[in-house]
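Subject: Structure handover

Hello,

Here is the structure I promised to pass on. Please open it and keep it beside this note as you read.

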Amino acid sequence: MSKVVIVRHGVTEWSTRFTGWTDIDILDEGKKSTYEYGLALKKLGYTFDIAFTSYLKRAIRTLWTVLDAMDLMWIPVVKSWKLNERHYGILQGLNKAETVAKYGEEQVKLWRRSYNTPPPLLDINDPRNPSKDPRYSSVLTSELPLGECLKNTYERTIPYWKTKIEPLLQNGKNILLSAHHNSLRSIIKYLDNISDQNIVNVNIPYCIPLVYEFDLQGKPIKHFYLATDEEVKRVIESIKNQTK
């Protein structure tokens, strides 16, 4: 039986802004919580053969922190932009309250929480266009988003999961995956066969490891958080209307 432990990055200073692909680091409180959960994983006997993360430092830092706590910084780490957070288009970097005041609560809620309605896209000359970022220089410009809904995020994340991660699970490997709310919601949607309508109600807490166990065919058997239901609920409630 193989395992994937999923960790959403720690809290950042941009809880009041749309972050998306903006490369914001985690706060000290996020590092502290992540390290504590890493120690818990080690105490419970978890170990990993390989780790995956995105190109964004908040997910990378979270991964490093867990591996440091577990004394596993020597294992292979694979980074992919396809595990990045959802790209928020023109909303990226904007204050959420000010955006609601400008566009209206219902419109902003539709952009944030619907499955298939993206926010307005960036202009190709916008400095936030990822094609202007050197970390994506090896990626075809046509593949890089100028704005995404959750459906778009799913369509880039799940093919990556199927080709890069599922074969490792079928070979009995244990995997640590540090990423973002919407890339992880895409993976959870796929693993748990959640409908387009119901995935909009799924939220993932910062830092708390989510364990998936798989059979020899790479199919999920069960999953659970390494925290009490009350702790998971408390963290989710505190972030439900904040960072994505």
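Start with one residue pair: serine 2 has phenylalanine 214 as its bridge partner in S5. Please keep in mind that this is a predicted model.

**Strand S1**

That serine belongs to strand S1, which covers residues 2–8. Is S1 mostly covered or exposed? It is mostly covered, with seven of its seven residues buried. Ser2, Val4, Ile6 and Arg8 lie on one side, and all are buried. Lys3, Val5 and Val7 lie on the other, and they are buried too. In general, side chains in a regular strand alternate between the two faces of the sheet.

S1 pairs with strand S5 (residues 210–214). The two are antiparallel and share five bridges. Further along, isoleucine 6 has leucine 210 of S5 as its bridge partner. S1 also pairs with strand S4 (residues 175–179). Here the sense is parallel, again over five bridges. In that pairing, arginine 8 stands opposite alanine 179 of S4.

**Strand S2**

Next comes strand S2, residues 50–53. Ile50 and Phe52 point one way. Ala51 and Thr53 point the other way, and all are buried. S2 runs parallel to S4, and four bridges join them. Alanine 51 has leucine 176 of S4 as its bridge partner. S2 also pairs in parallel with strand S3 (residues 77–79), over three bridges. There, phenylalanine 52 stands opposite valine 78 of S3. Helix H2 (residues 57–69) joins S2 and S3 in a β-α-β unit, and that unit is right-handed.

**The whole sheet**

In what order do the six strands lie? The order is S3-S2-S4-S1-S5-S6, in an open sheet with mixed pairing. S3 and strand S6 (220–225) stand at the edges. Each has a single partner strand, so one side of each has no neighbour in the sheet. From one strand to the next, the twist averages 20 degrees.

Helix H5 (residues 150–170) lies across S1, S2, S3, S4 and S5. It runs at about 165 degrees to S2.

**A pair of helices**

Now look at helix H1 (residues 28–43) and H2. Their axes come within 7 Å and cross at roughly 40 degrees. H1 and H2 are therefore oblique to each other. The crossing is right-handed. On the H1 side, the contact is made by Lys31, Thr34, Tyr35, Gly38, Leu39, Leu41 and Lys42. On the H2 side, Arg61, Thr62, Thr65, Val66, Asp68 and Ala69 take part.

**Two loop residues**

Which residue in the loop between H2 and S3 should you look at? Look at aspartate 71. Its phi is positive, about 55 degrees, although it is not a glycine. Aspartate 71 has 56% relative accessibility, so it counts as exposed, the cut-off being over 50%.

Asparagine 193 is the other residue to check. It lies in the loop between helix H6 (181–192) and helix H7 (196–199). Asparagine 193 also has a positive phi of about 55 degrees, and it is not a glycine. At 69% relative accessibility, asparagine 193 counts as exposed.

Best wishes

Key:
Residues numbered from 1 in each chain as written. Predicted model: local features only at pLDDT ≥ 70, side-chain atom pairs only at ≥ 80, totals over all residues. Heavy atoms only, no water. Buried < 20%, exposed > 50% of the residue type's maximum accessible area, 1.4 Å probe, protein only. Pairing = 2+ DSSP bridges. Right-handed = clockwise from strand over helix to strand, strands pointing away. Axes fitted to C-alpha atoms, helices over the stretch in contact; angles between N-to-C directions. Contact = heavy atoms within 4.5 Å. Parallel < 35°, antiparallel > 145°, perpendicular 65-115°, else oblique. Left-handed = near helix turned anticlockwise from the far one by under 90°.
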